[in-house]
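Please open the structure in your viewer and keep the selection panel at hand, since this tour moves from one selection to the next.

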Amino acid sequence: MSIQQPEQPYVVELREVTKVYGGVRALRGVDLLVGRGELVAIAGPSGSGKSTLLHLIGTLDRPTTGTVRIAGHDVAGLSDRELSALRARHLGFVFQQFHLAPGVSALDNVADGLLYTGTPLRARRERAAAALERVGLGHRLGHRPNQLSGGEQQRVAVARAVAGDPPLLLADEPTGNLDSAAGAEVLGVLRDLHAAGTTIAVITHDPEIAEWCPRQVRVRDGNVVADAGAGTGRRPPGPNPKRTPETAPNAETAGAAKGAPR
Ligand SMILES: Nc1ncnc2c1ncn2[C@@H]1O[C@H](COP(=O)(O)OP(=O)(O)OP(=O)(O)O)[C@@H](O)[C@H]1O
Ligand SMILES: [Mg+2]
């Protein structure tokens, strides 16, 4: 099967999705549609099912019942190998822990994320450098993770997630390990990516970050209990806004109209 990008309106399409772990009903029948270019917060208390939802959207796990379609592909119809290919082409992940390889330069941490796309090394490094430029780290290509601040490390992780230009970026508490200034820098990067057309889902238990997103999906006890601003935040793809480390913490420019919280 070829994992091409079919023309369809939804990047994420969940229909009556449930997930049961042993006796725990982590998701109890979730319907969720995310269109191209949206910036969506998935918010809710601890244990409400946010990470479970992200794992299903990220095709890291399969639903117990219901349908998950990502970029038009029904996950149920795909083998594990095909799912890996779908993830490599369509999805970027950022987690609370940065998951960078220690002792490896920022450039190669990002370039290695493109290994599974079959891109030759030189082209991988070129794309990695461009991605690091996008997150304001063009001046830190040779730095290893232990030579970078927490916010810089998370920006490397974001660069790795978007280096392959995935249509969907999934972030689970991306600022959870950062102080407020570094967190604002990372949110600034997400805002810029959103402004440039990337569809983004951010999991957060921080109400301020949720409010900052044009759309907020609220999860409680395995159900979506509110969905404000669905279909908003779509933007036509455009040139990536120029940003510098100096301007990053101030989110008053392009992208979301609201400033980055904290
Ligand atoms: N692998 C698993 N096995 C058993 N139960 C699980 C598993 N993963 C999650 N759960 C349970 O499913 C429910 C939802 O968990 P989930 O991790 O999705 O919550 P969350 O909203 O991400 O919480 P947090 O904000 O604390 O990260 C919880 O009750 C959790 O204990
Ligand atoms: Mg979680």
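The stops below take in the ligand shell, the nonpolar core and one residue of a helix.

Before selecting anything, bear in mind that this is a predicted model.

Begin with ligand 1 and display the residues around it: 13 residues surround the ligand, and the closest of them are Tyr-21, Ala-26, Ser-46, Ser-51 and Thr-52. If you then colour by secondary structure, you will find that strand 2 (24–35) and helix 1 (50–57) each supply at least two residues of this shell, with helix 1 giving the largest share, three residues. Colouring the shell around ligand 1 by residue class instead divides it into three nonpolar residues, nine polar ones and one charged.

Next, move to the largest nonpolar core, which has 65 residues, and select Ala-41, Ile-42, Val-110, Leu-132, Val-158, Ala-159 and Val-202, the residues with the most contacts inside it. Helix 6, residues 180–195, gives the most to this core, with seven residues.

From that set, centre the view on Val-158, which, once its neighbours within four places in sequence are left aside, is in contact with Val-94, Val-135, Val-186 and Val-189.

Finally, select Ser-180, which lies in helix 6. Is Ser-180 buried or partly exposed? Ser-180 counts as partly exposed because it has 13 C-beta neighbours inside 10 Å, whereas a buried residue would need 20 or more. To close, draw a distance between the C-alpha atoms of Ser-180 and Gly-151, which are separated by 9.7 Å although the two residues are 29 residues apart along the chain.

Technical notes. Residues are numbered from 1 along each chain as its sequence is written. Chains are lettered from A and ligands numbered from 1 in the order in which they are written. This is a predicted model: local features need pLDDT of at least 70, side-chain atom pairs count only at pLDDT 80 or more; totals for chains, interfaces and linings use all residues. A residue is near a molecule or strand if its C-beta atom, placed from the backbone, lies within 6 Å of it. Helices (H or I, at least four residues) and strands (E, at least two) are DSSP runs, numbered from the N terminus. Ala, Val, Leu, Ile, Met, Phe, Trp, Tyr, Cys and Pro count as nonpolar, Asp, Glu, Lys and Arg as charged, and the others, Gly among them, as polar. A nonpolar core is a set of buried Ala, Val, Leu, Ile, Met, Phe, Trp, Tyr and Cys residues joined through C-beta atoms within 7 Å. A residue is buried if 20 or more other C-beta atoms lie within 10 Å of its own, exposed if 12 or fewer, and partly exposed in between; C-beta atoms are placed from the backbone. Two residues are in contact if their C-beta atoms, placed from the backbone, lie within 7 Å.
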